[in-house]
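The following exercises concern the reading of a single protein model. Each task is followed by a worked solution in steps.

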Amino acid sequence: LKGKAFIQEAVAESSDELLEKFLNGESFTDNEITEGLHKGIVSREIVPVILGAATDMIGINTLFHMIYNYLPDVNEKNEKKKVDDCICQPKSTPSFN
């Protein structure tokens, strides 16, 4: 998938209503895309990747726009995953003899 189609598929997976609309071949409104991306990012099913160069001021406005519109508010919680469930954390402390 490329560009817009990739984003539309990710947005469609954020809710049943949007998925049905996507499967029927209907287009999303800008508001639906924004809400779908936000839901996906909050639920950790979508991970935004933003490229830029701060020294050259490239991508700074895009970064701020993404933070403001798509990243979770400080009052929003994600109950889906707990840190203790992360497979990255060791189950026991290794011993070195």
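**Exercise 1. Identify the buried residues of helix H1 and the elements against which they pack.**

Step 1. In H1, the buried positions are Gln 8, Ala 10, Val 11 and Ala 12.

Step 2. These buried residues pack against H2 and against helix H3, which spans 30-42.

Step 3. Since the model is predicted, confidence belongs in the solution. Helix H1 (residues 3-12) has the lowest confidence, at a mean of 88, while helix H2 (residues 16-23) has the highest, at 94.

**Exercise 2. Place these helices in the overall architecture and assess the confidence of the whole model.**

Step 1. The protein contains four helices and zero strands. Along the sequence the pattern reads α-α-α-α.

Step 2. The protein has 97 residues, of which 22% count as buried. About 8300 Å² is exposed, and carbon and sulfur atoms supply 55% of that area.

Step 3. Contacts between residues at least 6 apart in sequence are considered next: 45% of them join residues at least 24 apart.

Step 4. The mean pLDDT of the protein is 82, with 77% of the residues at 70 or more. Where pLDDT is low, the predicted coordinates should not be read in detail.

**Exercise 3. Describe the largest pocket by its volume and its lining.**

Step 1. The largest pocket holds about 190 Å³ of space.

Step 2. Its lining consists of Phe 6, Ile 7, Ala 10, Leu 37, Ile 41, Ile 46, Val 47, Pro 48 and Met 66.

Step 3. Both H1 and H3 supply at least two residues of this lining. The greatest contribution comes from H1, with three residues.

Step 4. Ala 10 links this solution to Exercise 1: this residue is among the buried residues of H1 and also lines the largest pocket.

**Exercise 4. Characterise the aromatic pairing and the accessibility of its two partners.**

Step 1. One aromatic pair is present in the structure. The partners are Phe 22 and Phe 28, with 6.4 Å from centre to centre and 20° between the planes.

Step 2. The pair is classed as stacked, because planes under 30 degrees apart meet that criterion.

Step 3. Phe 28 has a relative accessible area of 9% and is therefore buried. Phe 22, at 28% relative accessibility, counts as partly exposed. The cut-off for buried is under 20%.

**Exercise 5. Locate the non-glycine residues Arg 44 and Met 57, and state their backbone phi angles.**

Step 1. Arg 44 has a positive phi of about 65° and is found in the loop between H3 and helix H4 (60-70).

Step 2. Met 57 likewise has a positive phi, of about 60°, and lies in the loop between H3 and H4.

Step 3. Which accessibility class applies to Met 57? At 60% relative accessibility, Met 57 counts as exposed, because the class begins over 50%.

**Exercise 6. Determine what Pro 72 contacts beyond its sequence neighbours.**

Step 1. Pro 72 belongs to the segment after H4. Its relative accessible area is 41%, so Pro 72 is partly exposed.

Step 2. With neighbours within four places in sequence set aside, Pro 72 is in contact with His 38, Ile 41 and Val 42.

Step 3. For His 38, the separation from Pro 72 is 34 residues in sequence, and the C-alpha to C-alpha distance is 7.3 Å.

Step 4. Ile 41 connects this solution with Exercise 3: this residue is in contact with Pro 72 and is one of the residues lining the largest pocket.

Terms used. Residues are numbered from 1 along each chain as its sequence is written. This is a predicted model: local features need pLDDT of at least 70, side-chain atom pairs count only at pLDDT 80 or more; totals for chains, interfaces and linings use all residues. Side-chain values use heavy atoms; hydrogens and water are left out. Buried means under 20% relative accessible area, exposed over 50%, partly exposed in between (1.4 Å probe, protein chains only). Contact means heavy atoms within 4.5 Å. Accessible areas come from the Shrake-Rupley method with a 1.4 Å probe; for residues, only the protein chains shown count as cover. Rings of Phe, Tyr and Trp (its six-membered ring) pair if their centres lie within 6.5 Å; planes under 30 degrees apart count as stacked, over 60 as edge-to-face and the rest as tilted. pLDDT is the predictor's confidence in each residue, from 0 to 100. On a 1 Å grid over the protein atoms alone, a cavity is a set of points where a 1.4 Å probe fits but cannot get out, and a pocket is an open set with protein on both sides within 12 Å along at least five of seven lines; lining residues have an atom within 4 Å of a point. Grid points are joined across faces, edges and corners, and a volume is the space filled by probe spheres set on the points.
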